[in-house]
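Subject: The structure, and some notes on it

Hi there,

Here is the structure I promised to pass on. Have a look at it first, and then read my notes below.

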Amino acid sequence: MRRFAFLFTLLSLLVIDTAQAQPVLEIIKKDATYASCNYRLYPDSIPNNLTPAPAGKRPFYISHYGRHGSRYISNRRGFDIPYRMMQHARAVDELTPVGKHVLEEMDMVMNDTEGRWGELTPLGGRQCRQISRRMVQRFPEVFEGAAHVQAKSTKAARCMASMGYAMMEMAEQNPLLQITMEASVRDMNYLNHQDLWSRSEYMTPETKKAFDEYVNPRMGNSRLMEQIFKNPDIIKELVDESHFNYYLMKMGLFVLHTHLSDHTYLKNLFLPEELYRMWQVDNALWYVQHGACKLNGGRQPFTQRNLLRRLIADADSCLQLAQPGAQLRFGHDTVIMPLVCLMGINGYDLATDNFNDLEAKGWWCSSVFPMASSVQLIFYRSNPKDQDVLVKVLLNEQEANLPIATDCAPYYHWKDFRRYCIEKSEQQ
């Protein structure tokens with residue numbers, strides 16, 4: 001049996017390696033939003049290929065942390081940077097016909113977004129409902145009868161709305177569910193803890209030197225400048241090429257989260273290779289900010305130790321109940337990314353001082369935290385007295401692996417999982 005489990009684990013790792021061997025550029029050619037990292041659209045279909053549980057084990061409890069669904073951009077700055085540059089260029093009559101069309105599209109996007117900064121879009125609501133529906137349908141035993149579902153959210157409106165849509169769907173799936181919802185300041189120390197010292201110290205002089213050497217050759221886009229501006233060399237006094245290229249790309253991809261998703265003109269300005277370079281820039285930045293980057297001490301994932309400890313403490317309590325149900329938490333990308341790194345899910349605890357390692361070794365942030373992303377811990381046992389509880393991790397609803405020894409992958413013995421997480425959270 002152990003030999004079979006070892007072979008299964010090895011096969012699982014090979015499947016993951018094969019998937020990650022697919023060049024990022026090829027993914028971007030099929031899904032342009034992959035290039036926008038944390039602005040990636042959540043996949044519109046999820047394979048239902050979960051591994052059956054070991055004989056006799058049934059799911060009985062779910063612990064979840066999820067990001068809000070698709071939203072509008074959170075503040076004006078991201079759109080204002082390219083928009084004001086274009087307005088300056090128009091004022092001095094430096095826009096080509098293409099440039100004028102670009103500005104018309106930007107006007108439309110700005111008008112549509114005004115007053116909605118950071119709000120959940122209708123697509124975001126649908127995503128949350130669909131994920132909630134799949135959770136109930138995949139693990140019906142957890143949501144039987146009058147099972148209790150506890151939902152908590154940060155105080156951000158988009159997170160509270162995401163929670164509401166998810167719970168509304170669960171109530172439709174089973175009207176008997178006992179659902180509670182809360183968004184309180186008292187939970188913010190783990191739902192959205194941001195270690196200000198760690199955040200302020202991530203770009204050390206050594207880190208910045210290596211980061212700039214990696215990023216600078218990938219910034220800018222002379223081809224785009226020549227399309228939009230009559231005299232690109234002259235217009236550089238008004239337009240920062242690197243910032244313009246970067247933020248215009250973001251605007252073009254962000255539109256896909258809104259009801260203007262069929263307006264793809266801005267997105268189509270960019271070649272896949274140009275989107276890919278911007279992905280490399282963003283991927284490296286997210287690694288520096290939230291990954292185990294050796295250049296800045298590798299401490300960034302530990303910003304989420306409070307959340308990891310809370311997940312363990314809540315599970316310890318719920319495992320004593322005959323029917324614990326589910327605990328769902330709704331928050332942000334700047335939590336889910338370092339949490340995945342801290343837990344070492346799918347190898348995202350990668351520690352390196354070479355940014356070229358990220359792509360080569362599968363540290364692809366876009367696969368972790370698209371809009372509506374989540375980490376789900378699914379618990380299994382044969383009955384309430386069963387002491388050998390198993391747990392399985394789903395990242396964005398797909399089975400994930402952890403650096404924990406197991407004889408029943410992708411399932412892990414709770415005692416081993418618990419010990420691993422506590423030791424992780426206590427590391428200095």
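Let me start with Asp-187. Leaving aside neighbours within four places in sequence, Asp-187 is in contact with Lys-152 and Glu-182. Please keep in mind throughout that this is a predicted model. Asp-187 sits in the loop between strand S3 (178-182) and helix H7 (188-191). Its relative accessibility is 3%, so Asp-187 counts as buried, the cut-off being under 20%. The side chain of Asp-187 also has a polar contact of 3.2 Å with the side chain of Tyr-190.

Another buried charged residue is Lys-392, which belongs to strand S6 (residues 390-395). The relative accessible area of Lys-392 is 1%. Which side chain does the side chain of Lys-392 meet in a polar contact? The partner is Tyr-411, at 3.1 Å. Tyr-411 also appears among the contacts of Lys-392 beyond four places in sequence, together with Leu-50, Thr-51, Gln-376, Leu-377, Ile-378, Tyr-380, Glu-399 and Pro-410.

Now to the helices, beginning with H9 (residues 205-215). The buried residues in H9 are Thr-207, Ala-210, Phe-211, Tyr-214 and Val-215. Viewed down the axis of H9, these buried residues fall within an arc of 125 degrees, so they line one face of the helix. The general background is familiar: an α-helix has 3.6 residues a turn, so residues three or four places apart point the same way. On the face of H9 turned away from the buried side you will find the exposed residues Pro-205, Glu-206, Lys-209 and Glu-213. The cover over the buried residues of H9 includes helix H13 (272-290) and helix H16 (356-360).

H13 is also where Asn-283 lies. At 2% relative accessibility, Asn-283 counts as buried. Leaving aside neighbours within four places in sequence, Asn-283 is in contact with Cys-37, Leu-358, Trp-363, Trp-364 and Cys-365. A C-alpha separation of 8.6 Å is found between Asn-283 and Glu-359, which are 76 residues apart along the chain.

Helix H15 (333-343) makes a good contrast to look at after H9. How many of the 11 residues of H15 are buried? The count is 11 of the 11, so H15 is largely enclosed by the rest of the structure. Running through the helix, they are Asp-333, Thr-334, Val-335, Ile-336, Met-337, Pro-338, Leu-339, Val-340, Cys-341, Leu-342 and Met-343. Gly-344 follows H15 and has a positive phi, near 75 degrees.

Several of these helices come back in the second largest pocket. This pocket holds about 820 Å³ of space. It has 28 lining residues, and those nearest its centre are Tyr-39, Tyr-246, Tyr-247, Asp-282 and Leu-285. Two or more lining residues come from each of helix H3 (77-91), H9, helix H12 (241-254), H13 and H15. The largest share of this lining, 5 residues, is given by H13. By class, the lining of the second largest pocket divides into 11 nonpolar, 10 polar and 7 charged residues.

There are enclosed spaces as well: the count is 3 cavities of 30 Å³ or more. The largest cavity has a volume of about 110 Å³. Of the 14 residues that line the largest cavity, His-64, Cys-128, Ile-131, Ala-166 and Phe-330 lie nearest its centre. The elements giving two or more residues to this lining are strand S1 (58-67), helix H5 (122-138), helix H6 (157-173) and strand S4 (325-331). H5 provides the largest share, 4 residues. The lining of the largest cavity is made up of 8 nonpolar, 5 polar and 1 charged residues.

The second largest cavity has a volume of about 60 Å³. Its lining consists of Tyr-72, Ile-73, Phe-79, Val-109, Asp-112, Thr-113, Phe-254, Val-255, Thr-258 and Leu-260. Here the largest share, 3 residues, comes from helix H4 (residues 97-113). The classes in the lining of the second largest cavity are 7 nonpolar, 2 polar and 1 charged.

Happy browsing, and best wishes!

Note on methods. Residues numbered from 1 in each chain as written. Predicted model: local features only at pLDDT ≥ 70, side-chain atom pairs only at ≥ 80, totals over all residues. Heavy atoms only, no water. 1 Å grid on protein atoms, 1.4 Å probe; cavity = no way out; pocket = protein on both sides within 12 Å on 5 of 7 lines; lining within 4 Å. Points joined across faces, edges and corners; volume = space filled by probe spheres on them. Buried < 20%, exposed > 50% of the residue type's maximum accessible area, 1.4 Å probe, protein only. Polar contact = N/O pair within 3.5 Å; in protein donor to acceptor, adjacent residues only side chain to side chain. Contact = heavy atoms within 4.5 Å. Arc of directions from axis to C-beta.
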